[in-house]
Amino acid sequence: MSQREGGGPVRAIVVDEGAMHLIMSGMLGKLPDVEVVGCFSDAAASVRFAEEEDVHLAFIEIRMPGESGLRLAERLIALRPGLSIVFVTSHKDYAVQAFELQALDYIVKPVSLERIERSVKRAQAFRRLSESSRLPESMPPGKREFGSIRIYALGGLELFSGGERVKWNSRKSAELFGYLLLHRGRMVSRARLISDVFGDLPPKNAEIYLNTSVYQLRKALDSHGLKTLIQSDADGYGVHLDGAWIDFIEFEGRLRRNDGITPFEPETALEIEKLYAGDLFGEKGYAWALGEAERLSAVYAEFVKKLARKLMERRHTDVSLRLLSKLSARNELDEENVELLLRAYAIKKDQASLAKRYEAYAKILRQELNIEPSEELRELYAHLQSMIGAG
């Protein structure tokens, strides 16, 4: 096998029909620090490639001739244990099986650049972790300290111990860990867990599922020497995470310590932005987490707008446009974000993009809310158009 390891871009392959090779290569080519090293239409060819070359990320279609994408993912992970798998498929019915394989993401076609970028950012984070945080092989799992734990809950839910990913034994055990993660530092009663996490089940079944999920969670953690992470008493459960690195805690902590804006250090601010790989728990969409997910999303949006303003002041307009466009994909109705996009296009003297963005915003307002853009935005648009024309 190739010995190329360490830094450099994330090396990605695409396993799908020929048309998707062009689409995925085009999208991935627009993202920094990712390199498409192979496109394949059959499973066998992709396996032969992975046997000889380093591969960090694989985008796979579920249904392919000869061998299913699920089976292919198993084979690739056996070859490359640190490989991140993203299923990009036209079929919605395999999500459960995909996540049981610990897939990084499951994207239903048609794909968007914003959606692909979110997956790539998580793969990049996992790769950095596996290459920089791996404990010495001589250290047995039982000796690992909680300080070696890294938890990624923005955009999904992944737990690493000493650079090794913990494999959830079931969806409900993962959800239970996520719930305890949000309530870290305190015990949660069994009654509340049953209500919030297993509330869609009859009471008797919910009790059984809770017990089973606790057992599965402890079993998954025990294989990494982390069984004591889960605490219990006569009434409920809690999670002990002193010293663990948690992405959403790190994100807000860095904002509190230094918002990356004052004093303005572009590299520091962009590092903070990269921590936000997606909304809390991503596509899992746990009902009990929606309030916290919305709060963190609002914090992120406010930070990006401040960052974009500062970048535009420094004439880093292309970076501003990238961040603001990503924010627009999350919320097309955010007028403040549209205003910043219009100002960025004006700085670039890009009248065509300025008009296109404004008209797209006006159209969606009419369709969704049956209203027109505010008078302030209409006046700003007219002013920026005339400014570009005069220039």
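What follows is a chat between a trainee and a mentor about a predicted model, its helix packing, its cores and a few unusual backbone spots.

Trainee: Let's start with α11 and α13. Why is this pair called roughly parallel?

Mentor: Helix α11 covers residues 290–313 and helix α13 covers residues 335–347, and they pack at an angle of about 15° with their axes 11 Å apart. Angles under 35 degrees count as roughly parallel, so α11 is roughly parallel to α13. The crossing of these two helices is left-handed.

Trainee: Which residues of α11 meet α13?

Mentor: On the α11 side you have Lys305, Arg309 and Met312. They meet Glu336, Asn337, Glu339, Leu340, Arg343, Ala344 and Ile347 in α13. Sorted by class, this contact has four nonpolar, one polar and five charged residues.

Trainee: Now α12 and α13. What makes α12 roughly antiparallel to α13?

Mentor: Again, look at the angle. Helix α12, residues 317–330, packs against α13 at about 155°, with the axes 10 Å apart. Over 145 degrees counts as roughly antiparallel, so that is the label for α12 with α13. Here too, α12 passes α13 in a left-handed crossing.

Trainee: Which residues make that contact?

Mentor: From α12 it's Thr317, Leu321, Leu324, Ser325, Leu327 and Ser328, and from α13 it's Asn337, Leu340, Leu341, Ala344, Tyr345 and Ile347. By class that gives eight nonpolar, four polar and no charged residues.

Trainee: That leaves α11 with α12. How do you know that α11 is roughly antiparallel to α12?

Mentor: They pack at an angle of about 155°, with their axes 9 Å apart. The cut-off for roughly antiparallel is over 145 degrees, so α11 is roughly antiparallel to α12. The crossing of α11 past α12 is left-handed. The contact includes Tyr300, Val304 and Leu311 of α11, and Val319, Leu323 and Arg330 of α12. Its residues divide into eleven nonpolar, three polar and three charged.

Trainee: On to the loop between α11 and α12. Why is Arg315 called exposed?

Mentor: Arg315 sits in that loop. Its relative accessibility is 59%, and exposed means over 50%, so Arg315 counts as exposed. The phi of Arg315 is near 65°, a positive value in a residue other than glycine.

Trainee: Why would anyone remark on a positive phi like that?

Mentor: Because most residues other than glycine have a negative phi. Asn370 is one to look at as well, with a phi near 60°. Asn370 lies in the loop between α14 (351–369) and α15 (375–390).

Trainee: Is Asn370 buried or exposed?

Mentor: Put 68% relative accessibility against the over-50% cut-off, and Asn370 counts as exposed.

Trainee: What kind of peptide bond joins Lys109 and Pro110?

Mentor: A cis one, with omega about 0°. Pro110 is found in the loop between β5 (105–108) and α5. Most peptide bonds are trans.

Trainee: Next to α5 itself. Glu117 is a charged residue, so why is Glu117 called buried?

Mentor: The label rests on accessibility. Glu117 has 10% relative accessibility, and buried means under 20%, so Glu117 counts as buried. Glu117 lies in helix α5, residues 113–132. Setting aside residues up to four places away in sequence, Glu117 touches Leu31, Arg322 and Lys326.

Trainee: And what makes Leu176 buried?

Mentor: The same kind of test: its relative accessible area is 2%, the cut-off is under 20%, so Leu176 is buried. Leu176 is in helix α6, residues 171–182. Beyond its neighbours within four places in sequence, Leu176 is in contact with Leu193, Leu210, Ser213, Val214 and Leu217.

Trainee: Last topic, the cores. Which residues have the most contacts inside the largest nonpolar core?

Mentor: Phe59, Ile116, Leu280 and Phe281, in a core of 81 residues. Helix α11 gives the most to this core, with eight residues. Phe59 is in contact with residues including Ile13, Val15, Leu28, Val86, Ile116 and Val120, leaving aside neighbours within four places in sequence. There is also a second, separate core of 25 residues, which includes Ala58, Leu72, Leu76 and Tyr94.

Note on methods
Residues numbered from 1 in each chain as written. Predicted model: local features only at pLDDT ≥ 70, side-chain atom pairs only at ≥ 80, totals over all residues. Heavy atoms only, no water. Axes fitted to C-alpha atoms, helices over the stretch in contact; angles between N-to-C directions. Helix = DSSP H or I, 4+ residues; strand = E, 2+ residues; numbered from the N terminus. Parallel < 35°, antiparallel > 145°, perpendicular 65-115°, else oblique. Left-handed = near helix turned anticlockwise from the far one by under 90°. Contact = heavy atoms within 4.5 Å. Nonpolar A, V, L, I, M, F, W, Y, C, P; charged D, E, K, R; others polar. Core = buried A, V, L, I, M, F, W, Y, C linked by side-chain atoms within 4.5 Å. Buried < 20%, exposed > 50% of the residue type's maximum accessible area, 1.4 Å probe, protein only.
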